[in-house]
Amino acid sequence: MIQVRLAAPRRAARVTLLVLGAAGLRALLLPAGDLVSTATFGACLLAISWMERAPSSSSEPRWRRGWALAAGLATGAVLLVPVAAMPLSARPLAAFWGAAVAAVIATLEETAIRGALYQCWSEEAGPAVAIVAGALLFALIHLPRYGFAAMPLDAAVGLALGGMRALTGRVLPCAVAHTLADWGAWFWA
């Protein structure tokens, strides 16, 4: 039992460093183009999510899929409030593929952060630490793209998504809310 408890912090730290490393690699590859850097980042997140997946804890609350989806949609709508008063962007609908890529990356971020990372930190230090660790990591991985000015907002969104993960026991509503927020920023910003 002691060996299992001692291994958990190393696993949580490893997953944290892997996600940070993926974000760092994305930032380093930006000169090669957004497509290359984003595809590499997505592939790294997919690998992290796949390699670090763990069966969900039976003691964790788990909402039904429909209720979890509704919670994700409602949270996504709330996350859109800050941008909803802005005029729509002039982006042509033909450029929507960028929003589709954002949905894939948002989902992969959620499976890595609210999935694998949350599970590791929650098992070792509890859900509150998992929520805060995920929120800080979420803000840090967005730092190269959006700068320091966006860190408080990114951390707050990370806290909301982490809280939803703890409440519902699922990653699905987090991915839905994150995707809606990204799409709102895409259409309005």
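**Briefing: E52, a nonpolar patch and the cysteines**

With a relative accessibility of 8%, E52 counts as buried, because buried means under 20% relative accessible area. The model described here is a predicted one, and the points below take up the surroundings of E52, then a nonpolar patch on the surface, and finally the cysteines.

**E52 and its surroundings**
- E52 is placed in a loop, namely the one that runs between helix α2 (34-51) and helix α3 (65-84).
- The side chain of E52 and the side chain of R14 form a polar contact at 3.0 Å, and R14 is also among the residues in contact with E52 when neighbours within four places in sequence are left aside.
- Besides R14, the contacts of E52 counted in this way, without neighbours within four places in sequence, are R11, V15, L18 and A116.

**The nonpolar surface patch**
- L17, L20 and L140 together make a nonpolar patch of about 260 Å² on the surface.
- Of these residues, L20 has its place in helix α1, which covers residues 2-29.
- L20 has a relative accessible area of 31% and is therefore partly exposed, since that class lies between the 20% limit for buried and the 50% limit for exposed.

**Cysteines**
- C120 counts as buried, its relative accessibility being 2%.
- C174 is likewise buried, with a relative accessible area of 0%.
- The count of disulfides in the model comes to 0, where a disulfide would require a pair of cysteine sulfur atoms within 2.5 Å.

Conventions:
Residues numbered from 1 in each chain as written. Predicted model: local features only at pLDDT ≥ 70, side-chain atom pairs only at ≥ 80, totals over all residues. Heavy atoms only, no water. Helix = DSSP H or I, 4+ residues; strand = E, 2+ residues; numbered from the N terminus. Buried < 20%, exposed > 50% of the residue type's maximum accessible area, 1.4 Å probe, protein only. Polar contact = N/O pair within 3.5 Å; in protein donor to acceptor, adjacent residues only side chain to side chain. Contact = heavy atoms within 4.5 Å. Patch = residues over 30% accessible without salt bridge, like charges linked within 9 Å, V, L, I, M, F, W, Y side chains within 5 Å. Areas by Shrake-Rupley, 256 points an atom, 1.4 Å probe, with all protein chains shown as cover. Salt bridge = Lys/Arg side-chain N within 4 Å of Asp/Glu carboxyl O.
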